[in-house]
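Okay, thanks everyone, I'll keep this short. Let me put the structure up and then walk you through two parts of it.

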Amino acid sequence: MGSLPNAKRSITPNDIAALRHMLSDTNAKVLSPSDAGYSASIARWSRAAEKPAGVSIIPTTDGEVGLAIKYAHENGIDVAVKGGGHSTAGASSTHGGLLIDLGAAMNKVTVDPAKQQLRIPGGALWGDVDAAAWEYGLATVGGTVADTGVGGLSLGGGYGVLSGELGLVIDNMVSATVVLANGDIAVASETENADLFWALRGAGQNFGVTTELVLQAYPQGECFMGMMVFAPTAENIGKLVQAANELHGIRQTSEGPATKAAGRTMSLMGIVKPPPAEGKTAILVLVSCNTDEATGRELYKDFIELGPMVNTLGMGPYTQVNKQVPAITGMRSSLKGAAFVMPLREEFVHQVLASYEAYTAECEDAKESLVAWELYDPCLVAKLENGCFANRGHHFNSLVMPMWSKAENDQFCRQWARDVSNMFKKEIEAHGETASAGIEGGASVRGKKGAVLLYGNYDQYDEISKDIFGEHYERLAQIKARYDPDNMFNKLFPITPAAELFE
Ligand SMILES: Cc1cc2nc3c(=O)[nH]c(=O)nc-3n(C[C@H](O)[C@H](O)[C@H](O)COP(=O)(O)OP(=O)(O)OC[C@H]3O[C@@H](n4cnc5c(N)ncnc54)[C@H](O)[C@@H]3O)c2cc1C
């Protein structure tokens, strides 16, 4: 690929005319800011992540994506790619550049029942995947909220309710079709462009426009699921922490580290102000358990016996698991991740609760915010080694999600997310070693692979690319030099192409 200057420019009226001409014989739409559909195209899950693109292209094929990308590359135009639009850092938006909006038309999932594989266009949402697979009694690891995009979530790693049993989304990736910076179309798999395939599985947003993913699926039945809501009393918190530690704590077994639930369940324990509690702070336990009802009730016995004020536990189709969290629209929001290890400490939950109470009391606009401990079984993810994902360890992810509506509160709400994330960092520094002692690789909280303790898809604040990609950064820079030497795909944890290529 020829090398162009790194500076990227905005779209001009001449560019729009040229793109319209170039794509006139295709089904792609070229939307300027005055066209119907443009506003929907630049809308994002978080209003705070929206930017005015110079032009939005709505492609229907990878060939159309290739033409637009080639034009942008040759003319040094800034490019953003939108999958499901859930990046809260604005990584799928461009101020004045060219937007490739995959979500509008490239989203029809097809199923190969013989191979049990799913062909997923780059703009599909997880709800599209779940629904298509379910028709054949199949499922794969996917996002826990159905309206999240497959593109960004998969290319950054991808945790889902089946991760305890099947690993990350990238652990189930069979191949990917990618439009490269020069407009060429490449297929990446273990046997074809294997270096690109390795890079896509963890740093995928840096290497091109992924127009199709093929994911392995598995036979799937109904699940035990639902929510329990508890008042945040000291007694409840003590017993909930105990129950969570019992169910999700990692023990050393003869077969390696494992949890009591043996990968079959994920629960999210969150501090929220949910509607059933009339806006009062509550502890939410959201259950997604891949078992029959009797097994599920047995696994969650300690939680159920506490007598939650809301209890919706029961069996339902797998498609419902990822719809338990209602789709949220029209808010400003940002995600901040943090890592934690089991066992949880009751005192720490109280500290986070106190911070949440103070923050939501000070800012009425922020009352939809939440903090969640994502409790799944990390043992399989820690064991697998696919791709460049650098966060494989015996730790868990927590999620700090401020949500608010007024731009004047941006700074205040984001600062709270930073503060809580720092509380998690301090907790793991102070207690992580003790907590993880006794499990294989647990002498260090980072496990034997030296996990970075950051999940790039959650951590889009102050972290830099080397924090996220860890020891894989240098190899990624080499691969970047081969596939995107002008650093065209640079919106999320950019990778500077290596100056020299080594074979
Ligand atoms: C409500 C909510 C729930 C979430 N739940 C989970 C969860 O269960 N598990 C989990 O692991 N993460 C979860 N996340 C985090 C999620 O992984 C990130 O927000 C991710 O960026 C979403 O991908 P997207 O396609 O919707 O976002 P977008 O904003 O469209 O894209 C994010 C990044 O990926 C790039 N990108 C998107 N599609 C493509 C493509 N096809 N080709 C190339 N680049 C592309 C974009 O350019 C951008 O850099 C959640 C986030 C939210 C807001």
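So, helix 16: among the things covering its buried residues are helix 7, residues 194-203, and helix 15, residues 465-469. Keep in mind that this is a predicted model. Helix 16 itself runs over residues 473-483, and it's mostly covered, with eight of its eleven residues buried. If you want to click through the buried ones, they are Tyr-473, Leu-476, Ala-477, Gln-478, Ile-479, Lys-480, Ala-481 and Tyr-483. Yes, Lys-480 really is on that buried list, and so is Gln-478.

Okay, on to the ligand. How many residues surround the ligand? It's 32, and the closest are Val-81, Gly-85, Ser-92, Thr-144 and Tyr-455.

For the polar contacts, start with Ser-92: a polar atom of its side chain sits 2.6 Å from a ligand oxygen. Tyr-455 also puts a polar side-chain atom 2.6 Å from an oxygen atom of the ligand. With Gly-122 we're looking at the backbone, where an N or O atom is 3.3 Å from a ligand nitrogen. On its own, the ligand would expose 940 Å², and the protein buries 97% of that.

Where does the shell come from? Strand 3 (79-82), helix 5 (150-155) and strand 10 (209-216) are the elements giving two or more residues each. Helix 5 has the largest share, with four residues. By domain, at least three residues come from each of domain 1 (13-101) and domain 2 (110-219).

And the chemistry of that shell: 13 nonpolar residues, 18 polar, and one charged. That's my tour, over to you.

Terms used:
Residues numbered from 1 in each chain as written. Predicted model: local features only at pLDDT ≥ 70, side-chain atom pairs only at ≥ 80, totals over all residues. Heavy atoms only, no water. Near = heavy atom within 4 Å. Polar contact = N/O pair within 3.5 Å; in protein donor to acceptor, adjacent residues only side chain to side chain. Areas by Shrake-Rupley, 256 points an atom, 1.4 Å probe, with all protein chains shown as cover. Nonpolar A, V, L, I, M, F, W, Y, C, P; charged D, E, K, R; others polar. Domains from an automatic or database assignment. Buried < 20%, exposed > 50% of the residue type's maximum accessible area, 1.4 Å probe, protein only. Contact = heavy atoms within 4.5 Å.
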